Amino acid sequence: MEQLRARFKAEMDAEYAKIPKLMDDARKDAQKMAEEIRTKAAAEIQADRQRMRHELDVARDQALHELWTSAAQLATLISAKAIGRSLSEDDHRRLIDEALNEIQESRR
């Protein structure tokens, strides 16, 4: 019985000795998982930022195009009323090009 008790105590001591290594391994695994999660989250955030920037650029370009189209139509109507006749497509383009050049020169 004494031998059995001594063997049991030796086995328990050996198993208790393994506990610090198991805890250290578990801590390292947890740190590795946390770093992987952080890395994945950072990549997802960057992808979302790029997607949102692209969407904003597309929306801005579309809004500018719509604004430009509306301004061109309004300029055509005003010109037609001021001149008293309808403008041809070439007249319209020429007036728009002239207005653009004037705007660009005034910004310089």
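Which residue forms a salt bridge with Arg60? Here are some notes on that pair and on the rest of the model, which is a predicted one.

1. **The Arg60 pair.** The partner is Asp57, and the closest N and O atoms of this salt bridge are 3.3 Å apart. Both Arg60 and Asp57 belong to helix α1, with a spacing of 3 residues, or about one turn of the helix. Arg60 has a relative accessibility of 44%, so this residue counts as partly exposed. Asp57 also falls in the partly exposed class, because its relative accessibility is 34%.

2. **A small network.** Elsewhere, Asp24, Arg27 and Lys28 are joined into one network by salt bridges that share partners. If you are looking over the charged side chains, please keep the total in mind too: the structure holds 12 salt bridges.

3. **Asp25 and Lys21.** Here the closest N and O atoms of the salt bridge are 3.0 Å apart. The two residues sit 4 residues apart in helix α1, which is about one turn of the helix. How exposed is each partner? Asp25 has 28% relative accessibility and is therefore partly exposed, as buried would need a value under 20%. Lys21, at 55%, counts as exposed, because the cut-off for that class is over 50%.

4. **Arg5 and Glu2.** Another salt bridge links Arg5 with Glu2, and its closest N and O atoms are 3.9 Å apart. That value is worth a glance from you, since the cut-off for a salt bridge is within 4 Å. Both residues lie in helix α1, 3 residues apart, about one turn of the helix. Arg5 and Glu2 are both exposed.

5. **A nonpolar patch.** Which residues form a nonpolar patch on the surface? They are Phe8, Met12, Tyr16, Ile19 and Met23, and together they have about 520 Å² of accessible area. Taking Ile19 from this group, you will find it in helix α1, which covers residues 2-83. Ile19 has a relative accessible area of 38%, so it is partly exposed. That value also satisfies the patch criterion, because the criterion asks for over 30% relative accessible area.

6. **Overall form.** The secondary structure comes to 2 helices and 0 strands. The radius of gyration is 38 Å, well over the 13 Å that the globule rule gives for 108 residues, so the protein is more spread out than a compact globule. Along the principal axes, the C-alpha atoms fill a box of roughly 120 × 25 × 15 Å.

7. **Burial and surface.** Of the 108 residues, 6% count as buried. The accessible surface of the protein comes to about 9900 Å², and carbon and sulfur atoms account for 58% of that area.

8. **Charge balance.** The protein has 20 positive and 22 negative charges, and the mean positions of these two sets are 6 Å apart. You may like to view this beside the box of roughly 120 × 25 × 15 Å that the C-alpha atoms fill.

Conventions
Residues numbered from 1 in each chain as written. Predicted model: local features only at pLDDT ≥ 70, side-chain atom pairs only at ≥ 80, totals over all residues. Heavy atoms only, no water. Patch = residues over 30% accessible without salt bridge, like charges linked within 9 Å, V, L, I, M, F, W, Y side chains within 5 Å. Areas by Shrake-Rupley, 256 points an atom, 1.4 Å probe, with all protein chains shown as cover. Buried < 20%, exposed > 50% of the residue type's maximum accessible area, 1.4 Å probe, protein only. Rg over C-alpha atoms; globule rule 2.2 N^0.38 Å. Lys, Arg positive; Asp, Glu negative; His and termini not counted. Charge placed at Lys NZ, Arg CZ, Asp CG, Glu CD.
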